[in-house]
Amino acid sequence: MSSTLMIVRQRLLFPSLLSLLLLIISVISEDASTIPTQNMSHKERAELREEARDMFYHAYHAYMENAYPADELMPLSCKGRYRGVTPSRGDMDDILGNFSMTLVDTLDTLVLLGDFAEFEHAVKLVIRDVQFDSDIIVSVFETNIRMVGGLLSAHILAEYLQKQADVMHWYKGEMLEMARELGYRLLPAFNTTTGIPHARVNLRLGMKDPQLKKSRETCTACAGTILLEFAALSRLTGDPIFEVRAHAAMDALWKLRHRGSDLMGTVLNVHSGDWVRRDSGVGAGIDSYYEYLFKSYVLLGDDKYLARFNRHYNAVMKYVSEGPMLLDVLMHRPHAKSRNFMDSLLAFWPGLQVLSGDLKPAVQTHEMLYQVMQMHTLIPEAWTVDFQIHWGQHHLRPEFIESTYFLYRATGDHHYLQVGKRALKTLQQYAKVSCGYAAVNDVRTGKHEDRMDSFVLSETFKYLFLLFSEPQDLIINVDEFVFTTEAHLLPLSIAQLGNSTFSFRQSDEHNVLDFMRTCPSSNKLFPEKVRKPLRNFITGSCPRTTTGKRLSALDFQASNADHLRAVYDMGITMVSVGDRSQGKAKSQEEGEMGLQFMQEMLELTKMQSINQLAQLQAVAYALDDQSQDWTALMAGPSHFSPELIGEQFVEGDIVWARPLRACDERLHNAESLKGKIVVAERGDCTFVSKARLAQKAGAAALIVCDNVAGSSGETQPMFAMSGDGTDDVVIPVVFMYTLEFAKLSQAKLRRPQLRVRIMQMVEYKRWQIAKEAHQNETAAAAAAGTTTAMPKKKPEKEL
């Protein structure tokens, strides 16, 4: 290890990494004349850097003085959070292991701040106090990124300071040995049929803990965010088992991708490899899997991870990306959206796009996130496509600041310094308390939560400090390190150590196209009004090549300029209402392709209509008490409740919840809801929270009505409600837009005892068609003067 640290300051220039670095270097080294004129002064930047430093110490000292050796600080109670002592928060407490997590997670931040004395003091405390032989179940993912990563980064920097700052000569690699011990305690989780690790493990008993006997499921990010730390652990200790297991897990995950779309789901069975949740996006449950594919290539130099990242990246940009927004789809049906909201964890994505060299969409998505922050003061945990709050919490997450930092490093645009300043001042105003910084329980009310996660010190304040720092302000050159997902620093020189058990041979499953990326035109790289100062930072041209592949209707995206150009060449013009301009095919061959394209588009439209109709729900009721005529109103499904299919339906009287938003601990009219279909209004809490409250009261089903005036299923896409990952709702739940619900309300006013049936819309249509056919047959028979045997009444279950 000592010989390795002598070359930490030498950039690793192996060929596979060089192409990545050249882009970043060329962008950063542009002439000063290209920097935007609205610059932040050196004085203001220095003041903000020092304010970020003060923010860190305000939180750090609050933890050390009031919580250490606990895992976390509870900033409102001003005391420590201990596993098994502090009241349980359920699965959320799996991050806690009674191993002083916040201090371990924070060690390398102290080095970046140049506080060697406190770093040395903290290292001594960790070596003296932290132990792992506890009968506690912990998250494999969180323990790896926070604890193993924190110990490795601190060890590397301790040895670095021994040589560069002539301090800590007493240190003999104790934290590396601690990381090795902890790594061994995590290894039993990898004993699965697939090689994909369990989500949780007992630090003392491994997988022999009775509570883990039914352990089956894990998330893609949980299993795919191991390799950086485990590879570094193997190469620093010479013990290959960690890297071998981590590579095997990554290989197993890769084989589970959907071969048609190249997308991944979010939750899977570690033994069978079956997908439990097929939602695919870039946010919670999958985010850092993509990050570790790319960074594993950067850190280890293995081309297969770049190829895999590119395959997934192209799929994400094809199916998940919609302009600046990133909306989850179903991995096996990538043109179908699986939820209508975005979560705050996707804010890391622009930073990853910067590292991979794709700046334009990074700028666009970051701008969208910044507008969300401006709209709600703090970025909420989740928001809908119309930017309403879906989950109102703000946990002081670092991802948006992380992307802001990388965008500034790549572009030099001082706009991102101003964004960082606003984020910093907002945290000061809305999160700072006397004992640290408190998470915000709801950004609409500003109410605090007694919570300060360790990542606030290890990431949020670290990235703020780096954003406002000049290279000469830092004791180390951060360009010589890779940041893990927890912002721990691993040196690029780790690749030189090698692992004798691992082969770098390229797999036959990849071809040259997996290593290619498209060079965007500099003339259209950034919108004029959004990022005009950045336009001159990207220079050069990209030669246009003909692929020979015909554009299919399935692949067509109206927001893609190349696609629009291709269909124009076929003689097809995309026009607005009232526009009468026409396209003309360049050739007979192009014209034939255009006809084929339009035929495909018609078929695709039919397929999409059928698929949407299959998911659409109906809220049906008789027009009056004596009438046999029924009407049905459109309703959207939910992803967290049973799906009514075929002949299934639920029938009952409808009752309004009190309070209507159904967000209290108990409904005021709960006693009168048993067996009824309850109506609740959207807002104030999650859809699934409303469903659980109605279910607890004994309701037969729940209708959630929209709170947006004038919304209608006739003019807006079908809305499918999403849950929180816990499948405990057993009653049907549907969503109605405002105009459709208004018709139901009017019917309820006319008939207070109105009974409705919730069913699949396609089944309602079939029932109506069958009923009309029977009526026509009866009328025809009567006109002919004949009698027909009356058919038996259709059973209720077959409605």
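**Helix packing in the predicted model**

Among contacts in the chain between residues at least 6 apart in sequence, 72% join residues at least 24 apart. The model is a predicted one, and its chain has 799 residues, of which 56% are buried. Its secondary structure comes to 24 helices and 28 strands. A few of these helices are described below, with two individual residues alongside them.

A convenient place to begin is α7. This helix has 13 residues, and the distance from its first C-alpha to its last is 19 Å, close to the 18 Å expected at 1.5 Å a residue. Its buried residues are M175, L176, M178, A179, L182, G183, R185 and L186. The cover over these buried residues includes the helices α4 (101–112), α5, α6 (140–164), α9 and α10, together with the strand β4 (200–202).

One of those covering helices, α5 (residues 116–129), can be followed in more detail. The axes of α5 and α7 come within 10 Å and cross at roughly 45°; the two helices are therefore oblique to each other. The contact of α5 with α7 has five nonpolar residues, no polar ones and one charged. On the α5 side it involves V123, V126 and I127, which meet E174, M175 and M178 of α7. Of these, M175 and M178 are also listed among the buried residues of α7. The crossing of this pair is left-handed.

The loop between α6 and α7 holds H169. With a relative accessible area of 46%, H169 is partly exposed. H169 lies 10 residues from E159 in sequence, and their C-alpha atoms are 8.7 Å apart in space.

Another helix that covers α7 is α10, which spans residues 241–255. It has 15 residues and reaches 21 Å from first C-alpha to last, close to the 21 Å expected at 1.5 Å a residue. Within α10, the residues F242, E243, A246, H247, A249, M250, A252, L253 and W254 are buried. The elements covering them include α7 (174–186), α8 (220–224), α9 (227–237), α11 (287–300) and α12 (303–320), as well as the strand β6 (267–269). The helix α9 thus appears in the cover of α10 and also in that of α7.

Further along the chain, Q353 is found in helix α13 (residues 349–356). Q353 has a relative accessible area of 1% and is buried. Leaving aside neighbours within four places in sequence, the contacts of Q353 are with Y313, M317, D358, P361 and A362.

The last pair to consider is made up of helix α15 (residues 399–411) and helix α16 (residues 415–430), which pack at an angle of about 155° with their axes 9 Å apart. An angle over 145 degrees counts as roughly antiparallel, and α15 and α16 are therefore roughly antiparallel to each other. Their crossing is left-handed. On one side of the contact stand F400, I401, T404, L407, Y408 and T411 of α15, and on the other Y416, L417, V419, G420, A423 and L427 of α16. By class, the residues of this contact divide into nine nonpolar, three polar and no charged.

Terms used. Residues are numbered from 1 along each chain as its sequence is written. This is a predicted model: local features need pLDDT of at least 70, side-chain atom pairs count only at pLDDT 80 or more; totals for chains, interfaces and linings use all residues. Side-chain values use heavy atoms; hydrogens and water are left out. Helices (H or I, at least four residues) and strands (E, at least two) are DSSP runs, numbered from the N terminus. The expected span of a helix is 1.5 Å times one less than its number of residues. Buried means under 20% relative accessible area, exposed over 50%, partly exposed in between (1.4 Å probe, protein chains only). Contact means heavy atoms within 4.5 Å. Axes are lines fitted to C-alpha atoms, for helices over the stretch in contact, and angles run from 0 to 180 degrees between N-to-C directions. Angles under 35 degrees count as roughly parallel, over 145 as roughly antiparallel, 65 to 115 as roughly perpendicular and the rest as oblique. A crossing is left-handed if the near helix is turned anticlockwise from the far one by less than a right angle, and right-handed if clockwise. Ala, Val, Leu, Ile, Met, Phe, Trp, Tyr, Cys and Pro count as nonpolar, Asp, Glu, Lys and Arg as charged, and the others, Gly among them, as polar.
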